[in-house]
Structures are given as C-alpha cells and as structure tokens.
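User: I've got a protein model open and I'd like to learn how to read it. Can you walk me through a few features?

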Amino acid sequence: MKQTVKELRYAIYLTRHPFKAYWDIKHENEGSLKTAMIILGLTMFTQVLSKLFTGFLFGGVRDESYNCFSTIGSFLAIYLAWCISNWCLTCLSDGKGTFKDICIATAYAFVPYIIIQLIMIALSNQFIAREAVFYNILNNLSLVWVAFLLVVGMLVTHQFTLTRTVVVILFTIVGMIAMGCLLLLFFNLIQQVVGFVSIVIDELLLRMSQ
C-alpha cells in the first residue's frame, strides 16, 4: 500500500518533471503497471463524474438513460488500440519500450487530466455563460498537457528523437483508425453470417413442418 501511494505521488511529480520521471519509471522502478491501472481507473471515473456533474451549460448530462459503461468502454477501446498500435509500430522501428512500458507511460500521462477535470466539474456549476471562455481554457489545457506528457513518455520510453517520436505517434493514430475499420468490417461480416445462418435455419424448419 505504501509503495502504491509513493508511486501515485510520483505520478503527480511526473506532471512537472516528465523527462526525469519517465526515465525513473522505466529504469529506476518508480512506477508500476498496478499504479498505471489505478490511474486509468481514476481517469474513467473522472470522465463519468464529468458527464454526470458538469454544469448543464457546459455539456453535463441530466438524462437518466445515460449509460456510464459506454463512456468506460469507449475510453478502454481507445487506450488499448493506442497501446497495441504503438507497440506494433515500435517493434518494427527498434523502439526500446515493451508493451508493458507503453501501457504504463500512456496511463501516467492522464494525471493532469484527472486533476484539471475535477476542478472543472466544480467550476462548471459556478460559472455563467459569459465565463465559458475560462472553462474552455482549462479544458484545452488539460488536453494539451496530456498530449505533451504522451509525447515525452513515448520519447523517453522508446529512446527516440523528437521528430521520430512525432512520426511514430502520427502512424500510431493511423494504425488505430485502421484497426477500427477492420473491426467494423469483421463485426459486419459476422452479422451477415449470423443473418444468413438464421435464414437457412428458418427455411429448414419451415420445410420440415410442412
């Protein structure tokens, strides 16, 4: 428990000193997959809280039909697609990070998102429409901060140059899109096969009943 708390505190330290922290997480055991999964869980929990408790003027959900599992599922799908795509590409380009390293580095990058989004939830219920610009600034800050940490995390994890890291990240996104398209085609094919089998079975049952 003490080790986990120490690692969570180090995750906050990472938001201010990402280069040193990412190096220590990879080489000095200052982080772990367990702590990364805790951060990932907190990120998803924060997303759900944001949907439910953000002020109505700023996009909060006030619909009882809201399904939190769709939010969680979408986030997990994007996270796994990113990790798998990045791992496949970096294996081909001599990246130094393992799949575990990529999962940890990616999860740790969400720490500023959690902190800023919790602040935004509170402020959204106090701000009026004219103060939306401040809300948007905070939202953009959280996203830019996460993106910056993600770039640094991939750079340090794979020991690439900045240019190579950016190129790999761009191709990682392309790979994620390709994976999504392939999955859609796969599920569409499965749906068609199931529909065909269902029609054949119905036809056979109809003929047997005559």
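Analyst: We'll go through cysteines, backbone angles, some buried residues and a surface patch. Keep in mind that this is a predicted model.

User: Let's start with cysteines. How many disulfides are there?

Analyst: The general idea first: a disulfide is a covalent bond between the sulfur atoms of two cysteines. In a model you look for a pair of cysteine sulfurs within 2.5 Å. Here the count is zero disulfides.

User: Why is cysteine 91 not in a bond?

Analyst: Because the closest cysteine sulfur, in cysteine 88, is 6.8 Å away, which is too far for a bond. Cysteine 91 is partly exposed, at 46% relative accessibility. Cysteine 103 is in no disulfide either, and the nearest cysteine sulfur to it belongs to cysteine 83, at 3.9 Å. Cysteine 103 is buried, with a relative accessible area of 7%.

User: Next, phi. Which sign should I expect?

Analyst: Most residues other than glycine have a negative phi. So you scan for positive values in residues that aren't glycine. Asparagine 29 is such a case, with phi near 55°. Glutamine 159 is another, with a positive phi of about 55°.

User: Where do asparagine 29 and glutamine 159 lie?

Analyst: Both are in loops. Asparagine 29 lies between α2 (18-27) and α3 (33-53), and glutamine 159 lies between α7 and α8. Asparagine 29 is exposed, at 60% relative accessible area, while glutamine 159 is partly exposed, at 44%.

User: What about glycine 31, is it buried or exposed?

Analyst: Glycine 31 is in the loop between α2 and α3, and it counts as buried at 14% relative accessibility. To see what lies around a residue like that, skip its sequence neighbours and look at what is left. Leaving out those within four places, glycine 31 is in contact with Glu7, Ile25 and Tyr108. You can also check C-alpha spacing: glycine 31 and leucine 8 are 23 residues apart along the chain, and their C-alpha atoms are separated by 8.2 Å.

User: Now a polar side chain that is buried. What does histidine 158 make a polar contact with?

Analyst: For a case like this, check the burial, then look for a partner. Histidine 158 sits in helix α7 (residues 132-158) and is buried, with a relative accessible area of 1%. Its side chain makes a polar contact with the side chain of asparagine 86, at 2.9 Å. Beyond neighbours within four places in sequence, the contacts of histidine 158 include Thr90, Gly95, Lys96 and Ile102.

User: And which atom does the side chain of serine 85 reach?

Analyst: This time the partner is a backbone atom: the side chain of serine 85 reaches the backbone oxygen of threonine 172 at 2.9 Å. Serine 85 lies in helix α4 (residues 68-92) and counts as buried at 5% relative accessibility. With neighbours within four places set aside, serine 85 is in contact with Phe171, Thr172, Gly175, Met176 and Met179.

User: Last one, the surface. Which residues make the nonpolar patch?

Analyst: Here you look for nonpolar side chains grouped on the outside. Leu189, Val193, Phe196, Val197, Val200, Ile201, Leu204, Leu205 and Met208 make a nonpolar surface patch of about 870 Å². Take isoleucine 201 as an example: it is found in helix α8 (residues 162-209) and is partly exposed, with a relative accessible area of 42%.

Methods:
Residues are numbered from 1 along each chain as its sequence is written. This is a predicted model: local features need pLDDT of at least 70, side-chain atom pairs count only at pLDDT 80 or more; totals for chains, interfaces and linings use all residues. Side-chain values use heavy atoms; hydrogens and water are left out. Buried means under 20% relative accessible area, exposed over 50%, partly exposed in between (1.4 Å probe, protein chains only). Patches are made of residues with over 30% relative accessible area and no salt bridge: like charges are joined within 9 Å, nonpolar side chains (Val, Leu, Ile, Met, Phe, Trp, Tyr) within 5 Å. Accessible areas come from the Shrake-Rupley method with a 1.4 Å probe; for residues, only the protein chains shown count as cover. A salt bridge is a side-chain nitrogen of Lys or Arg within 4 Å of a carboxyl oxygen of Asp or Glu. Helices (H or I, at least four residues) and strands (E, at least two) are DSSP runs, numbered from the N terminus. A polar contact is a pair of N or O atoms within 3.5 Å; within protein, one must be able to donate a hydrogen and the other to accept it, and residues adjacent in sequence count only if both atoms are side-chain atoms. Contact means heavy atoms within 4.5 Å.
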